[in-house]
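Work through these exercises with the model open beside you. Try each task before you read its solution.

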Amino acid sequence: MGRIITVASGKGGVGKTTFVSNFVASLSKLGKSVVAVDGNLTTPNLGLHLGVPLYPKTLQDVLSGDARLKQALYQHELGFSIMPADISLRRLTKVTASDLISVLYKLADGFEFVIVDAAAGLGREALAAIDAADELITITNPEMPAMVEALKLGRISEKTDTKNLGVVVNRYKKEKGVPTPDEIKSFLDMEIIGIVPEDSKVRQALAKKQPIVHANPRAASAKKFREIASIIAGLKERQDAKIRIPEHSPIFSWLKK
Ligand SMILES: Nc1ncnc2c1ncn2[C@@H]1O[C@H](COP(=O)(O)OP(=O)(O)O)[C@@H](O)[C@H]1O
Ligand SMILES: [Mg+2]
């Protein structure tokens with residue numbers, strides 16, 4: 001079974017879809033099989049970020065039983081798959097967690113990572129995506145309104161029994177009035193998985209409909225996106241993780257006494 005990870009943000013516009021497209025491209029580059037699902041059914045935009053042409057079958061078709069899973073899977077040139085959502089207004093579906101769960105579980109049978117770009121906020125769609133997932137990554141900006149909403153997501157994940165992997169602080173810029181990483185961490189009381197800098201090249205990549213890890217792999221933000229993917233894939237330790245002593249170390253058995 002693959003890992004189902006929902007990417008959510010309390011506040012819209014913080015860079016959730018930017019994160020998802022770079023996260024899936026990075027995981028794919030690490031050799032993982034990945035599918036990105038646009039769980040933002042009312043205002044989908046994952047396909048727009050990744051240059052997916054208008055796709056005949058979408059998640060809505062799968063949810064309503066009008067398409068089989070494979071018909072709604074789009075293969076991206078960077079190696080991952082995408083299940084787009086319908087961008088037209090004709091197909092507004094009231095999605096429930098149980099509808100989504102069955103689709104996500106089927107995907108997790110065939111992929112190592114199922115990454116869901118959730119709707120912003122704490123509405124029905126977002127909650128369904130969090131409830132349906134095994135794990136949650138929260139995206140925030142270093143501003144109070146976004147962080148307050150991120151805090152709520154942490155609480156929700158406890159209720160839905162979704163493992164909270166922590167928070168990605170996006171568009172960080174060290175300047176007066178912006179809280180320090182330590183202040184953010186203590187405010188949110190969550191692990192910080194990574195801090196992605198404000199980077200004008202992100203918008204240039206978006207204009208090309210490419211993730212920045214592909215369009216400009218040496219950009220500061222691209223490095224961070226890749227590092228976060230390695231951490232989540234278990235290939236790299238979190239920077240702020242506690243010091244871990246290797247199990248073969250003699251001190252390990254001594255400490256466990
Ligand atoms: N690290 C960053 N630096 C600069 N601009 C960014 C960064 N991350 C995202 N953006 C810009 O912010 C805007 C919103 O991003 P988007 O991913 O669509 O947000 P959301 O999915 O949360 O609504 C986009 O124009 C995007 O290019
Ligand atoms: Mg978005």
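**Exercise 1. Decide whether D61 is buried, exposed or partly exposed.**

Solution. This is a predicted model. Start with the count: D61 has 19 other C-beta atoms within 10 Å. Next, recall the cut-offs: a residue is buried at 20 or more such atoms and exposed at 12 or fewer. The count of 19 lies in between, so D61 is partly exposed.

**Exercise 2. Describe the surroundings of D61.**

Solution. First, place the residue: D61 belongs to helix α3, residues 59-63. Then list its contacts. Leaving out residues up to four places away in sequence, D61 touches D66, A67 and A72. Finally, look further along the chain. A85 is 24 residues from D61 in sequence, and their C-alpha atoms are 8.8 Å apart.

**Exercise 3. Find the strands that pair with β1, and the partners of V7.**

Solution. Take one strand at a time.

- β1 spans residues 3-8. Five bridges link it to β5, residues 113-118, and the two run parallel. In β5, V7 stands opposite D117.
- Four bridges link β1 to β6, residues 135-140, again in parallel. In β6, V7 has I137 as its bridge partner.

Now check how covered β1 is. Five of its six residues are buried.

**Exercise 4. Place V7 in the nonpolar core.**

Solution. Begin with the general rule. In soluble globular proteins, nonpolar side chains tend to be buried together. Now apply it here. The largest nonpolar core has 73 residues. V7 is among those with the most contacts inside it, along with V35, A36, V37, V114, I115 and A129. Then list what V7 contacts beyond four places in sequence: K16, F19, V20, I115, V116, D117, A118, I137 and I139.

**Exercise 5. Describe the shell around ligand 1.**

Solution. Count first: 18 residues surround ligand 1. Those that come nearest are G15, K16, T17, T18 and V202. Next, ask which elements give two or more residues to the shell: they are α1 (16-29), β7 (163-172) and α8 (200-207). Last, sort the shell by type. Five residues are nonpolar, eight are polar and five are charged.

**Exercise 6. Find where the prediction has pLDDT below 50.**

Solution. Start with the whole protein. The mean pLDDT is 89, and 91% of the residues reach 70 or more. Then pick out two stretches. Residues 241-246 have pLDDT below 50, with four contacts in the model beyond near neighbours in sequence. Residues 249-257 are also below 50, with five such contacts.

Definitions and conventions
Residues numbered from 1 in each chain as written. Chains lettered and ligands numbered in written order. Predicted model: local features only at pLDDT ≥ 70, side-chain atom pairs only at ≥ 80, totals over all residues. Near = placed C-beta within 6 Å. Nonpolar A, V, L, I, M, F, W, Y, C, P; charged D, E, K, R; others polar. Core = buried A, V, L, I, M, F, W, Y, C linked by C-beta atoms within 7 Å. Contact = placed C-beta atoms within 7 Å. Pairing = 2+ DSSP bridges. pLDDT = per-residue confidence, 0-100.
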